[in-house]
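Work through the following exercises with the sequence and the 3D structure open beside you. Try each task before reading its solution.

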Amino acid sequence: MVALDVHEDMDRLAESGVVAVMRGADADTVIEVAQALNEGGVTAYEITADNPDAMELIRELSGSFTDDEAIVGAGTVLDGETAGQAIRAGAEFVVSPSFHEDVVETSNRHGTLVAPGIFTPTEAIRAFETGADFVKLFPASTAGPKHLSSIQGPLPQIPIMPTGGIDIDNAPAFIEAGAVVVGAGSAIMDADAIEAGDYESITETAREFTDAIEAARS
């Protein structure tokens with residue numbers, strides 16, 4: 001994939017409605033899983049950096065789609081060096097569970113979307129003033145949609161992606177509360193379905209997510 005303007009990348013991320021957090025992704029299945037998600041309308045994929053094969057998986061996944069088909073990023077990025085490695089491997093966005101100034105600086109230097117993890121308005125504004133393009137509300141299930149809307153109230157200029165405990169039941173409420181996109185892990189990455197090679201099931205779950213989010217946005 002070729003790097004685009006960060007605003008265009010943000011639009012592509014938001015258009016997906018869901019960022020599929022592919023924690024524990026395996027090289028033998030990552031492409032098939034992503035393609036199954038893609039068929040269900042989920043076009044944003046996050047490979048977590050705690051995977052020992054993360055950089056190769058990002059490189060492989062990024063090279064498997066064109067810019068108009070998908071956007072691939074790196075998650076659980078805790079330092080600038082890892083951010084740089086991920087970006088060089090092809091990551092088009094970088095996400096952290098917490099705020100690390102060097103991750104934001106490295107991503108800004110490369111013109112790559114970056115979302116630090118936050119939980120409070122103070123953390124959100126600090127991350128945004130440092131150069132974050134959007135922020136990750138984490139853990140979202142602990143906070144709930146009302147917490148997100150409370151942050152959005154005084155800080156409507158900061159796009160928020162809730163992640164952690166997001167499922168088909170609560171995703172619409174987070175969208176209605178002001179989330180620009182949601183991050184979903186196990187709820188959309190069914191380990192049993194992946195192990196069984198049941199990609200049709202993964203596509204159906206992805207479609208349920210995107211349909212619910214589209215309805216919440218209307």
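**Exercise 1.** Decide how H2 and H11 are oriented to each other, and then describe their contact.

*Solution.* The model is a predicted one, and the two helices are H2, residues 30-39, and H11, residues 199-217. We begin with the geometry: H2 and H11 pack at an angle of about 40 degrees, and their axes are 7 Å apart. Angles under 35 degrees count as roughly parallel and those from 65 to 115 as roughly perpendicular, while this angle belongs to the rest, which count as oblique; H2 and H11 are therefore oblique to each other. The crossing in which H2 passes H11 is right-handed. On the side of H2 the contact involves Glu32, Val33, Ala36, Leu37 and Glu39, and these meet Tyr199, Ile202, Thr203, Ala206 and Arg207 in H11. Sorted by class, the residues of this contact are six nonpolar, one polar and three charged.

**Exercise 2.** Describe in the same way how H2 packs with H3, and list the residues of H2 that are buried.

*Solution.* The axes of H2 and H3 (residues 54-62) are 10 Å apart, and the helices pack at an angle of about 50 degrees. H2 and H3 are therefore oblique to each other, and their crossing is right-handed. H2 contributes Val30, Ile31 and Ala34 to the contact, while H3 contributes Leu57, Glu60 and Leu61. Of these contact residues between H2 and H3, five are nonpolar, none is polar and one is charged.

For the second part of the task, the buried residues in H2 are Val30, Ile31, Val33, Ala34, Ala36 and Leu37. Among the elements that cover the buried residues of H2 are S1, S2, H3, H10 and H11. After H2 comes Gly41, which has a positive phi, near 100 degrees.

**Exercise 3.** What angle do H3 and H4 make where they cross, and how should their orientation be classed?

*Solution.* H4 spans residues 80-89, and its axis comes within 8 Å of the axis of H3, the two crossing at roughly 30 degrees. The cut-off for roughly parallel is an angle under 35 degrees, and H3 is therefore roughly parallel to H4. H3 passes H4 in a crossing that is right-handed. The residues that meet are Met55, Ile58 and Arg59 in H3 and Thr82, Gln85, Ala86 and Ala89 in H4. The contact of H3 with H4 is made up of four nonpolar, two polar and one charged residues.

**Exercise 4.** Is strand S2 largely enclosed or left open by the rest of the structure, and which way do its residues point?

*Solution.* Start by counting the buried residues of S2, which runs over residues 44-48: five of the five are buried, so the strand is largely enclosed by the rest of the structure. Next, consider the directions, remembering that in a regular strand the side chains alternate between the two faces of the sheet. Ala44, Glu46 and Thr48 point one way from S2, Tyr45 and Ile47 point the other way, and all are buried. Finally, look at the pairing: S1 (residues 18-21) is joined to S2 by three bridges, and the two strands run parallel. Within this pair, Val21 stands opposite Glu46 in S2.

**Exercise 5.** Give the strand order of the open sheet of three strands, and say which strands lie at its edges.

*Solution.* The three strands of this open sheet follow the order S6-S7-S8, and their pairing is parallel. The edge strands are S6 (117-118) and S8 (160-162), each of which pairs on one side only. S6 is joined to S7 (residues 135-137) by two bridges, and these strands run parallel. Here Ile118 stands opposite Leu137 in S7. Helix H8, residues 145-152, packs on the sheet and touches S6, S7 and S8, and its direction makes about 170 degrees with that of S8.

**Exercise 6.** Is Thr210 buried or exposed, and which residues does Thr210 contact beyond its neighbours within four places in sequence?

*Solution.* Thr210 has its place in helix H11. The cut-off for buried is under 20% relative accessible area, so Thr210, at 14% relative accessibility, counts as buried. Once the neighbours within four places in sequence are left aside, Thr210 is in contact with Ser16, Gly40, Gly41 and Val42.

Terms used. Residues numbered from 1 in each chain as written. Predicted model: local features only at pLDDT ≥ 70, side-chain atom pairs only at ≥ 80, totals over all residues. Heavy atoms only, no water. Axes fitted to C-alpha atoms, helices over the stretch in contact; angles between N-to-C directions. Helix = DSSP H or I, 4+ residues; strand = E, 2+ residues; numbered from the N terminus. Parallel < 35°, antiparallel > 145°, perpendicular 65-115°, else oblique. Left-handed = near helix turned anticlockwise from the far one by under 90°. Contact = heavy atoms within 4.5 Å. Nonpolar A, V, L, I, M, F, W, Y, C, P; charged D, E, K, R; others polar. Pairing = 2+ DSSP bridges. Buried < 20%, exposed > 50% of the residue type's maximum accessible area, 1.4 Å probe, protein only.
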